[in-house]
Amino acid sequence: MKKILILIITISFFAVLSKATATINEYDEIAKSDKVGVTIYAKKLNGLYIDFKIDFQGSILSKPYWINTTSPTWSPEIIYEDISQDGKKELVIILTKDIGTGVLQREVHVFQTQPRKSGKTQSLIPVEVPVDEPLAILLKNVKTELTPNKASINIGDKKYRVDIKPLGIQPGHLFDEIYFGNLINFEIENNQLVAKLGGQISPVGGYIGDIQITYIFKDKMYQVKSVEFIPHE
């Protein structure tokens with residue numbers, strides 16, 4: 001009876017494993033980090049990757065609503081660093097949702113790893129942590145004004161002025177206000193999560209610099225630590 005029970009458990013294990021492998025095999029492998037032990041899979045539809053599967057050191061995570069361009073230049077970026085300053089590394093995945101002339105829209109997802117024990121085997125399971133939306137942070141903290149001669153950015157007590165005359169943009173080609181929705185990027189700098197939102201004053205040739213948001217892990221989420229403007233040189 002004991003031998004039969006062991007046989008049933010073994011068959012069940014391999015059946016589940018085969019099913020998981022078959023499911024992954026239906027997807028395209030779009031990003032991989034052997035160093036971290038992470039492989040990202042997705043399905044291709046109309047120029048986008050959708051319906052993501054993340055293999056993190058053998059644990060499979062489903063993210064059906066993620067999207068990423070199919071351009072090989074902008075494959076999902078995998079980072080494994082301690083960005084919460086707690087001595088434990090976080091899994092950071094940066095997606096690129098849209099690219100084009102004057103457009104780069106990226107999205108960040110941060111996972112903490114938690115141990116899970118199954119019998120004598122212990123593994124790490126990634127659990128996603130909320131990140132404050134950079135555009136929401138910008139709207140709460142940044143005031144701007146645009147005239148035919150200058151762009152003004154006010155962040156708290158800090159005031160930034162950019163002379164836009166050297167750009168040679170005709171007043172009729174200027175936006176009504178500085179626009180920050182087309183250029184959204186995420187980076188890890190000095191073990192900190194940073195968002196950079198490019199300011200544009202015109203559809204073409206109107207980039208003036210970045211609002212840079214540095215995040216801090218607080219109250220179980222990543223929220224704003226500092227906001228500053230970095231002028232375009």
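Which residues does histidine 109 touch, not counting residues up to four places away in sequence? The legends below begin with this residue and then turn to other sites of the predicted model.

**Figure 1. Surroundings of histidine 109 in strand β7 of the predicted model.** Not counting residues up to four places away in sequence, histidine 109 touches Trp66, Leu91, Val92, Ile93, Leu95 and Glu128. Two of these residues, Trp66 and Glu128, also take part in polar contacts with the histidine. The side chains of histidine 109 and tryptophan 66 are joined by a polar contact of 3.5 Å, and a polar contact of 2.6 Å links the side chain of histidine 109 to that of glutamate 128. Histidine 109 has a relative accessible area of 9%; because this value is under the 20% cut-off, the residue is classed as buried.

**Figure 2. The salt bridge between glutamate 128 and lysine 63.** The side chains of glutamate 128 and lysine 63 meet with an N to O distance of 2.8 Å. Glutamate 128 lies in strand β8 and lysine 63 in strand β4, which covers residues 59–69, so the salt bridge ties together parts of the chain that are 65 residues apart in sequence. Glutamate 128 is partly exposed, its relative accessible area being 31%. The side chain of glutamate 128 is also the partner of histidine 109 in the polar contact of 2.6 Å shown in Figure 1.

**Figure 3. The salt bridge between glutamate 77 and arginine 106.** The side chains of these two residues meet at 3.3 Å, N to O. Glutamate 77 belongs to strand β5 (residues 77–81) and arginine 106 to strand β7, and the pair links distant parts of the chain, 29 residues apart. The partners fall into separate accessibility classes: glutamate 77 is partly exposed, with a relative accessible area of 31%, whereas arginine 106 is buried, with a relative accessible area of 10%.

**Figure 4. Asparagine 185 in strand β12 and its contacts.** Asparagine 185 is buried, with a relative accessible area of 17%. Its side chain makes a polar contact of 2.9 Å with the side chain of arginine 106, the residue that also forms a salt bridge with glutamate 77. Leaving aside neighbours within four places in sequence, asparagine 185 is in contact with Leu104, Arg106, Val194, Ala195 and Lys196. The C-alpha atoms of asparagine 185 and glutamine 105 are separated by 6.5 Å, although the two residues are 80 residues apart along the chain.

**Figure 5. Tyrosine 179 in strand β12.** Tyrosine 179 is partly exposed, with a relative accessible area of 39%. Apart from residues up to four places away in sequence, tyrosine 179 touches Gly198, Gly199 and Gln200. From C-alpha to C-alpha, tyrosine 179 and glutamine 200 are 5.1 Å apart in space, while 21 residues separate them in sequence.

**Figure 6. The salt bridge between aspartate 34 and lysine 32.** The closest N and O atoms of this pair are 3.7 Å apart. Aspartate 34 is exposed, with a relative accessible area of 65%, and lysine 32 counts as partly exposed at 48% relative accessibility. The exposed class begins over 50%, which is why aspartate 34 falls within it and lysine 32 does not. A search of the whole structure finds seven salt bridges.

**Figure 7. The largest pocket and its lining.** The volume of the largest pocket is about 300 Å³. The pocket is lined by 17 residues, and those lying nearest its centre are Glu107, Val108, Glu133, Pro134 and Phe186. Two or more lining residues come from each of β7 (103–118), β8 (121–129), α2 (134–141) and β12 (179–189). Strand β7 provides the largest share, five residues. By residue class, the lining divides into eight nonpolar, three polar and six charged residues.

**Figure 8. The chain as a whole, for orientation.** The chain has two helices and 15 strands. Of its 233 residues, 39% are buried. Among the contacts with a separation of 6 or more, 39% are between residues 24 or more positions apart.

Note on methods. Residues are numbered from 1 along each chain as its sequence is written. This is a predicted model: local features need pLDDT of at least 70, side-chain atom pairs count only at pLDDT 80 or more; totals for chains, interfaces and linings use all residues. Side-chain values use heavy atoms; hydrogens and water are left out. On a 1 Å grid over the protein atoms alone, a cavity is a set of points where a 1.4 Å probe fits but cannot get out, and a pocket is an open set with protein on both sides within 12 Å along at least five of seven lines; lining residues have an atom within 4 Å of a point. Grid points are joined across faces, edges and corners, and a volume is the space filled by probe spheres set on the points. Helices (H or I, at least four residues) and strands (E, at least two) are DSSP runs, numbered from the N terminus. Ala, Val, Leu, Ile, Met, Phe, Trp, Tyr, Cys and Pro count as nonpolar, Asp, Glu, Lys and Arg as charged, and the others, Gly among them, as polar. A salt bridge is a side-chain nitrogen of Lys or Arg within 4 Å of a carboxyl oxygen of Asp or Glu. Buried means under 20% relative accessible area, exposed over 50%, partly exposed in between (1.4 Å probe, protein chains only). Contact means heavy atoms within 4.5 Å. A polar contact is a pair of N or O atoms within 3.5 Å; within protein, one must be able to donate a hydrogen and the other to accept it, and residues adjacent in sequence count only if both atoms are side-chain atoms.
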